[in-house]
Amino acid sequence: MTAPAQESGSEADPDDLEDRLRRFATIWSRAIFPVTATSLTRPEFEQHLLPLARKLRESLHAHPLDAPAAHRVGGALVAAHCTDPDALSRTLGVVDSYLVLYCGGCDPAGESEQTAEESRARCARLQHALAAGFAQALRERTLSEQEAIARSAMRARSDAVQALHATEARFRAVFEGAAIGIGIADLDGNVLEVNETLTKMFGGLEHHVRGRKVTDWAHPEDRPHVWQLYGELVRGEREDFRVEKPFYRNDGTVLWTNLTLSLLRDADGKPEYQLALMEDTTERRLLNLRLRYEATHDALTGLPNRTLFFERLEKALSAGDGARFGLCYLDLDGFKAINDSLGHAAGDRLLVEVADRLQSCATAPGEMVARLGGDEFVALTTGPDTQREVDNLAGRILGALASPIPVDGREFTVRGSIGIVEGPAGERTTAEVLRSADITMYRAKAAGGNRFELADPEADARAITRHGLTNALPAALERGEFFIEYQPLVHMGDGSVHGAEALVRWCHPQHGVLGPDHFIPLAEHTGLIVPLGRWVLQEAVRQARFWQERHSDGGPLRINVNLSPAQLHHPGLVAETVDVLERSGLEPGALCLEVTESALIGANEDLLKPLRQLAEMGVDIALDDFGTGYSNLANLRRLPVSVLKLDRSFTQGMQRHPADPVDLKIVEGIVSLAHSLKLAVTVEGVETGAQAEQLRMLGCDTAQGWYYARPGAPDRIHSLVLSDAV
């Protein structure tokens, strides 16, 4: 770098001097900024050095030389965090090389001019002063920092001591005032310290707790792994564990606790003490036991309830090889009538007495009695000989119920139906056992009650199938799974097809085609018979109208449709029948509604009224299965019927030649009586030609049966077989 030119003997230009001073400050900042610990940017740091550069220039030209100012510049560098030794050496290099170059010559006031040798000498003295100021400031700063560190260390030690005292005080406060019991013991199990809460938990006498060994507090109800965990802890193999543990108090009572045991280590990490935290859970446990009892026992009778019984049954069914079980499922016969007549309060007292008697029947080991709800009870027996024991148990139960039970001054004889399931454990689930017992109990009830029945797998399967069909019925009607087959009604005089009976079938997805005997009783039981019967009537009438249109020269003149008892009681029977006839265009005289004799036994006028209305419209009413209901023949005069359908049981004796003379007389009498009342006679179940000929000779009007044709598709209605079916 070349020195700027100056004119000797002329007054210095102030702007030029300031510019040269700034150039010096720039060179200085570039030299020491990289080794300076400052948050300033380099331009900001340069502005910080500019006043120090001005002081150095002024000191260089001062008379006498102002060395103290350079001393202060060295201290200012330390204050600006230029404390790195390299910063001092670089500063001295910059001053030596550039201070005279940029700030030498005439002083700023232009009063004197220094020679080059004089300026160099004065610059060297300034460097010494600056270095001395830097060293002194750095030493003072170091001493100050050391004193600060020493004071901080002393303050930290004081704080640590105070914190230790505070921690000990807090620990003692927590130890003494804690709501849970706290105890400290050594690794040999000797109890060293206990707080007041722990003392009170064990009876209030400290010497009964302090000084004892932890192993003295073993209890028979300790879980097997408790002392294994304790051994691992004192050996340092685990840091803590938590268990529910009982202790004996000095008075013999039991203290139940939630115990947390932790290992305390010394500064080197070696096990030193064990810390026990105990929460008294005795009252909570008693409450839980009470709640558990209430949750698993019947509130009325005190017997185990459904929940506890299922637990016991599941345990019995999951027992090992060779284990067996026996289950009695009891339902009281006619209990609803007692409830309805005497009220629920009296019914409850009756149930309490029944429960007491049942309890007295199951006192042997492995036996229990429970109430499932209402008037349903179960008795369970387990052991190797349950095949014999369960029968004896059922007999004892029926015997206990045989004696009259006094309620409100009256005596009631209670009967019961029992379903028994017995077998080896592990073969069936709880639900399967209960289902089988329930099905078997209803078999006993259907057989007259006051008895027990043994489970039968085939009967269970039939009941399960019936239940499945019952559940599937509504969806089957919606999905169109039902269809109708038609069996011809043949005129016995000329052998022509006089009509057809509509017989509904169910095309089940799993069981195939099912006849009405499989699902009609189920539909009647569930009430689905009404919409199903309405659908059958619509389809049959529509088909009859189709036959009339296609076979006007001799097609079926009448369609027979069966009515169930539930349909007879349905208030919309007449209106719906009229609506179906009007929509199809079929004449009322072409429809015959068949009603079983049993449905009309003892029928009052309210039940007969809709049939009379239909008969007055021209609809034929047939009395189906005549002869099976033991009705009074005189009642035929008051019934609005126009056809008698003779049950097949009267004509089976005519299937072979010669015919049974008794059957002939009976049928002859019925036909004569019917004709005298202006009733037509239809015979069901005609299966041979001989039978058909005998019935024709006796005067029967129409007949149907496999001799003529089996039920089939509507387009085969005229296809008569005329072949013996037996």
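A pocket is here an open set of grid points with protein on both sides within 12 Å along at least five of seven lines. In this predicted model, the largest such pocket has a volume of about 870 Å³. Its lining is made up of 34 residues, and those nearest its centre are Glu501, Leu503, Pro516, Asn562 and Asp624. Several elements each bring at least two residues to the lining of the largest pocket: strands S14 (497–508), S16, S17 (591–596) and S18 (620–626), together with helices H15 (516–526), H16 and H17 (565–568). Sorted by class, the lining of the largest pocket holds 14 nonpolar, 9 polar and 11 charged residues.

Before the other spaces are visited, a word on confidence is in order. The mean pLDDT of the protein is 86, with 95% of its residues at 70 or more. Residues 1–10 are a stretch to treat separately: pLDDT stays under 50 there, and the model has 13 contacts for this stretch beyond four places in sequence.

The second largest pocket encloses about 280 Å³ of space. Lining it are 16 residues, of which Val421, Arg428, Ser436, Ala455 and Asp460 lie nearest the centre. Helices H12 (386–402), H13 (430–446) and H14 (457–479) each give at least two residues to the lining of this second largest pocket, as does strand S11. In that lining, 7 residues are nonpolar, 2 are polar and 7 are charged.

Strand S11 also leads to the sheet. An open sheet is formed by 5 strands in the order S7-S8-S6-S11-S12, with mixed pairing. Strands S7 (367–373) and S12 (451–454) are the edge strands, each pairing on one side only. From one strand to the next, the twist averages 20 degrees. Strand S11 (residues 415–424) runs parallel to S12, and 4 bridges join the two. Within the model, isoleucine 418 stands opposite phenylalanine 452 of S12. Helix H9 (residues 306–317) lies across three strands, S6 (324–333), S7 and S8 (376–383), and runs at about 135 degrees to S7.

Attention now turns to enclosed space. Rolling a probe the size of a water molecule over the atoms shows where empty space is left. With a cut-off of 30 Å³ or more, the count comes to 4 cavities. The largest cavity holds about 230 Å³ of space. It is lined by 19 residues, with Val214, Trp217, Leu261, Ala276 and Met278 the closest to its centre. Strands S1 (181–186), S2 (191–194), S3 (240–248), S4 (254–265) and S5 (271–280), along with helix H7 (226–234), each supply at least two residues of the lining of the largest cavity. By class, that lining has 16 nonpolar, 2 polar and 1 charged residues.

Some of these lining strands are paired with one another. Strands S1 and S5 pair in the antiparallel sense over 6 bridges, and isoleucine 184 stands opposite leucine 275 in S5. The pairing of S4 and S5 is likewise antiparallel and spans 9 bridges. Here arginine 265 stands opposite proline 271 in S5. The hairpin of S4 and S5 has 5 residues between its strands, and in it glycine 269 takes a positive phi near 85 degrees.

The second largest cavity contains about 120 Å³ of space. Of its 13 lining residues, Arg534, Leu537, Gln567, Leu573 and Glu576 are the closest to the centre. Two or more residues each come to this lining from helix H16 (529–550), strand S16 (558–563) and helix H18 (573–584). H16 provides the largest share of the lining, 4 residues. The lining of the second largest cavity divides into 6 nonpolar, 5 polar and 2 charged residues.

Two details of backbone geometry complete the account. A cis peptide bond, with omega about 0 degrees, joins histidine 63 and proline 64. Proline 64 sits in the loop between helices H2 (42–61) and H3 (67–79). Histidine 81, a residue other than glycine, has a positive phi near 70 degrees. Its place is in the loop between H3 and helix H4 (85–103).

Note on methods: Residues numbered from 1 in each chain as written. Predicted model: local features only at pLDDT ≥ 70, side-chain atom pairs only at ≥ 80, totals over all residues. Heavy atoms only, no water. pLDDT = per-residue confidence, 0-100. Contact = heavy atoms within 4.5 Å. Pairing = 2+ DSSP bridges. Axes fitted to C-alpha atoms, helices over the stretch in contact; angles between N-to-C directions. 1 Å grid on protein atoms, 1.4 Å probe; cavity = no way out; pocket = protein on both sides within 12 Å on 5 of 7 lines; lining within 4 Å. Points joined across faces, edges and corners; volume = space filled by probe spheres on them. Nonpolar A, V, L, I, M, F, W, Y, C, P; charged D, E, K, R; others polar.
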